[in-house]
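Trainee: Could we go through this structure together? I would like to begin with how its elements are named.

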Amino acid sequence: MRPLLHLLGALGLSLASLLCCSATALAGTLLLSADATTLPQGTSTQIHIEVAGSQLDAAPRLVNSEGFQVEMAGRSSSFTMSQGRVQQQTTYSFTVLANQAGTFTLGPAEAIVDGQRVLSDTITMTVEPPRTRATGSATSTRREQAEERWFADARLSEDHPFEGQSLSY
């Protein structure tokens, strides 16, 4: 009887460690990437936080975004099912505007995936001082130059449209 209890105890311990290792292997991952890591002050770029796991408990956030204004640009999701396991992958895109010149560390990104706190690596971003205009005296960013050249004025084809009427502007 005693050898049988030892065998069952060893089997239970092996099963428990197998389940523990499987849960660790299934933990979510977080990947932080940027379209550009060097940009002039006053311009923006896109960053992406890719979250992989079976359940995302909350949207990811950047732990550190000093020197940048960060705004959500969108998200995309995909689900796959393989061998009875559901895998969810969601990519969050953000627009980051470089507020000041210097070298900054962006991130890490943080999310709760499969009930566990997951962190990404960080990205080093270099923000260059704004470039001067060809005329030489004033400084301006590409965005400011574009705003000076372009404008839009939209008007509807009808001042008092009725419901269901097709309009153009």
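Mentor: Let us settle one term before we start: strands here are DSSP runs of E, at least two residues long, numbered from the N terminus. Please also keep in mind that this is a predicted model.

Trainee: Understood. Where is P108, then?

Mentor: P108 lies in the loop between strand 7 (102-106) and strand 8 (109-113).

Trainee: And is the peptide bond from G107 to P108 cis or trans?

Mentor: That bond is cis, and its omega is near 15 degrees.

Trainee: Turning to another loop, what is the phi of Q83?

Mentor: Phi of Q83 is near 50 degrees, which is a positive value in a residue other than glycine. Q83 sits in the loop between strand 5 and strand 6 (85-98).

Trainee: Is Q83 buried or exposed?

Mentor: Q83 is exposed, because its relative accessible area is 80% and the cut-off for exposed is over 50%.

Trainee: Which residues form the nonpolar patch on the surface?

Mentor: The patch consists of F79, M81 and V86, which together have about 350 Å² of accessible area. Of these, M81 belongs to strand 5 (residues 68-82). M81 counts as exposed because its relative accessibility is 64%.

Trainee: What about V70? Where is that one?

Mentor: V70 is also found in strand 5. V70 has 30% relative accessibility and therefore counts as partly exposed.

Trainee: Which residues does V70 contact, apart from its neighbours in sequence?

Mentor: Beyond four places in sequence, V70 is in contact with L62, S65, F94, T95 and V96. As for F94, its C-alpha atom is separated from that of V70 by 6.5 Å, although the two residues are 24 apart along the chain.

Trainee: Now the interior. Which residues of the largest nonpolar core touch the most other members?

Mentor: The core has 22 residues, and those touching the most other members are L30, I47, I49, V51, L62, F68 and L106. At least two core residues come from each of strand 1 (29-34), strand 3 (44-53), strand 6, strand 7, strand 8 and strand 10 (123-128).

Trainee: Which strand supplies the largest share of the core?

Mentor: Strand 6 does, with four residues.

Trainee: You listed F68 there. What does F68 touch?

Mentor: Leaving out residues up to four places away in sequence, F68 touches V96, L97, A98, N99, F104, L106, M125 and V127. L106, in that list, is also one of the core residues that touch the most other members.

Definitions and conventions:
Residues numbered from 1 in each chain as written. Predicted model: local features only at pLDDT ≥ 70, side-chain atom pairs only at ≥ 80, totals over all residues. Heavy atoms only, no water. Patch = residues over 30% accessible without salt bridge, like charges linked within 9 Å, V, L, I, M, F, W, Y side chains within 5 Å. Areas by Shrake-Rupley, 256 points an atom, 1.4 Å probe, with all protein chains shown as cover. Salt bridge = Lys/Arg side-chain N within 4 Å of Asp/Glu carboxyl O. Buried < 20%, exposed > 50% of the residue type's maximum accessible area, 1.4 Å probe, protein only. Contact = heavy atoms within 4.5 Å. Core = buried A, V, L, I, M, F, W, Y, C linked by side-chain atoms within 4.5 Å.
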